[in-house]
Amino acid sequence: MLDKLGTGGLIGLIVLVAGLGVIAYANPLIAAGLALVLVGVGLVAKGLVSGLLSAFGMGGMF
């Protein structure tokens, strides 16, 4: 997975985890809720990309 992200994606992932760490240091409950929101947004984005690719006939790629 990490080889598909590229440099920008890897830096973004590190910043995301660091941000969650800072929030968890201040308030763990809010950090847990934020993590769930981020996972939900990721799943929605994956679903949208899968639907778009299948509309173009490339359904098995993602």
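# Two helices and a nonpolar patch

Guide: Of the 62 residues of the protein chain, 2% count as buried. This is a predicted model, where local features need pLDDT of at least 70, side-chain atom pairs count only at pLDDT 80 or more, and totals for chains, interfaces and linings use all residues. Residues are numbered from 1 along each chain as its sequence is written, and side-chain values use heavy atoms, with hydrogens and water left out.

Visitor: What makes a residue count as buried?

Guide: Buried means under 20% relative accessible area; exposed means over 50%; partly exposed lies in between (1.4 Å probe, protein chains only).

Visitor: Why is leucine 16 called partly exposed?

Guide: Its relative accessibility is 37%. That value falls between the 20% and 50% limits, so leucine 16 counts as partly exposed. Leucine 16 sits in helix α1, residues 2-26. Its C-alpha is separated by 9.7 Å from that of alanine 35, 19 residues apart along the chain.

Visitor: How do you know which class leucine 5 belongs to?

Guide: Leucine 5 has a relative accessible area of 36%. The number is neither under 20% nor over 50%, so leucine 5 is partly exposed. Leucine 5 is also in α1.

Visitor: And what makes alanine 18 partly exposed?

Guide: Its relative accessible area is 44%. The value is in between the two cut-offs, therefore alanine 18 is partly exposed. Alanine 18 belongs to α1. From alanine 18 to serine 54, 36 residues apart in sequence, the C-alpha distance is 35 Å.

Visitor: Why is glycine 42 put in the partly exposed class?

Guide: Glycine 42 has 38% relative accessibility, which lies between 20% and 50%, so it counts as partly exposed. Glycine 42 is found in helix α2. Leucine 10 is 32 residues apart from glycine 42 in sequence and 15 Å apart in space, C-alpha to C-alpha.

Visitor: What makes a run of residues a helix or a strand?

Guide: Both are DSSP runs, numbered from the N terminus: helices are H or I with at least four residues, strands are E with at least two. The protein chain has two helices and zero strands.

Visitor: How do you know that the span of α2 is close to the expected one?

Guide: The expected span is 1.5 Å times one less than the number of residues. For the 28 residues of α2 that is 40 Å. First C-alpha to last, α2 reaches 41 Å. Just after α2, glycine 57 takes a positive phi of about 85°.

Visitor: What makes Leu5, Leu10, Leu13, Ile14, Leu16, Val17, Ile30, Leu34 and Leu38 a nonpolar patch?

Guide: Patch residues have over 30% relative accessible area and no salt bridge (a side-chain nitrogen of Lys or Arg within 4 Å of a carboxyl oxygen of Asp or Glu). Nonpolar side chains (Val, Leu, Ile, Met, Phe, Trp, Tyr) are joined within 5 Å, like charges within 9 Å. Leu5, at 36%, and Leu16, at 37%, are over the 30% limit. Together the nine have about 720 Å² of accessible area, computed by the Shrake-Rupley method with a 1.4 Å probe, only the protein chains shown counting as cover for residues. The largest share, six residues, comes from α1.
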